[in-house]
Amino acid sequence: MLRFLPLGLIVLLVLLPSLLILFATHRPLKARIPMATMAFISPVLMFGLVNMLPYLTNDVRNAPQWAHLVGLVLWGAGFFLPWLIFALFLHVGRKAGQA
């Protein structure tokens with residue numbers, strides 16, 4: 001029963017902005033597909049970056065605590081990165097006079 005909570009958070013925080021970008025009708029499909037793909041893949045890239053650097057995962061013998069904290073912050077930010085990409089998708093290309 002407790003496994004549904006993390007799965008629901010992943011769906012809400014990663015899949016939802018990707019689908020919102022993909023099904024937005026005010027932009028052409030040629031612009032929506034790369035942005036939706038980037039929003040969907042961005043958490044995986046962020047987690048890969050954190051796991052690739054041993055200082056950020058505290059796998060080094062003399063790793064400082066600030067490096068582990070930066071790794072945790074980057075790992076958590078991976079879940080909110082699709083929403084930032086969604087916000088950029090909504091506002092990129094707008095003129096100053098448009099609301």
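Below, two people talk through a predicted model, helix by helix and then loop.

Colleague: Before we start, what are the ground rules for numbering and for pLDDT?
Modeller: Residues count from 1 along each chain as its sequence is written, and side-chain values use heavy atoms, with hydrogens and water left out. It's a predicted model, so totals for chains, interfaces and linings use all residues, while side-chain atom pairs count only at pLDDT 80 or more and local features need pLDDT of at least 70.

Colleague: OK, H1 then: what distance does it reach from its first C-alpha to its last?
Modeller: Helices here are DSSP runs (H or I, at least four residues), numbered from the N terminus. H1 covers residues 4-22, which is 19 residues. The expected span is 1.5 Å times one less than the number of residues. That gives 27 Å for H1, and the model comes close to it, at 25 Å.

Colleague: Where does H1 bend?
Modeller: A bend at a residue is the angle between axes fitted to the seven residues ending there and the seven starting there. In H1 that angle is about 35°, with a proline, Pro 17, following within four residues. The bend sits at Leu 15.

Colleague: Is Ser 18 buried or exposed?
Modeller: Ser 18 lies in helix H1, and leaving aside neighbours within four places in sequence, Ser 18 is in contact (heavy atoms within 4.5 Å) with Ala 36, Ala 39 and Phe 40. The cut-offs are under 20% relative accessible area for buried, over 50% for exposed and in between for partly exposed, with a 1.4 Å probe and protein chains only. At 6% relative accessibility, Ser 18 counts as buried.

Colleague: How are H1 and H2 oriented to each other?
Modeller: Axes are lines fitted to C-alpha atoms, for helices over the stretch in contact, and angles run from 0 to 180 degrees between N-to-C directions. The H1 and H2 axes come within 8 Å and cross at roughly 175°. Angles over 145 degrees count as roughly antiparallel, under 35 as roughly parallel, 65 to 115 as roughly perpendicular and the rest as oblique. That makes H1 and H2 roughly antiparallel.

Colleague: And which residues of H2 make that contact?
Modeller: On the H1 side you have Val 14, Leu 15, Ser 18, Ile 21 and Leu 22. Taking Ala 36 by itself, and not counting residues up to four places away, it touches Ser 18, Ile 21 and Leu 22. The H2 side is Arg 32, Ile 33, Met 35, Ala 36, Ala 39, Phe 40 and Pro 43.

Colleague: Where's the kink in H2?
Modeller: End to end H2 looks regular: its 24 residues should span 34 Å at 1.5 Å a residue, and the end C-alpha atoms are 34 Å apart, which agrees. Still, there's a kink of about 40°, shortly before the proline Pro 43. The residue at the kink counts as partly exposed, at 36% relative accessibility. It's Ile 41.

Colleague: What about H3, where does that one bend?
Modeller: H3 has 27 residues and reaches 37 Å, close to the 39 Å expected. It bends by about 45°, and Pro 82 follows within four residues. The bend is at Phe 79.

Colleague: How far apart are the axes of H2 and H3?
Modeller: H2 and H3 pack at an angle of about 175°, and are therefore roughly antiparallel to each other. Among the residues that meet are Met 46 and Phe 47 in H2 and Leu 74 and Trp 75 in H3. The axes are 8 Å apart.

Colleague: Which elements give two or more residues to the largest nonpolar core?
Modeller: A nonpolar core is a set of buried Ala, Val, Leu, Ile, Met, Phe, Trp, Tyr and Cys residues joined through side-chain atoms within 4.5 Å. The largest has eight: Ile 21, Ala 24, Met 35, Ala 36, Ala 39, Ile 85, Phe 86 and Phe 89. The elements giving two or more are H2 and H3.

Colleague: Last one, the loop: which residue there has a positive phi near 65°?
Modeller: In the loop between H2 and H3, Leu 56 counts as buried at 12% relative accessibility, and touches residues including Val 50, Ala 67 and Leu 74. The positive phi belongs to a residue other than glycine, one that counts as partly exposed at 32% relative accessibility. That's Asn 58.
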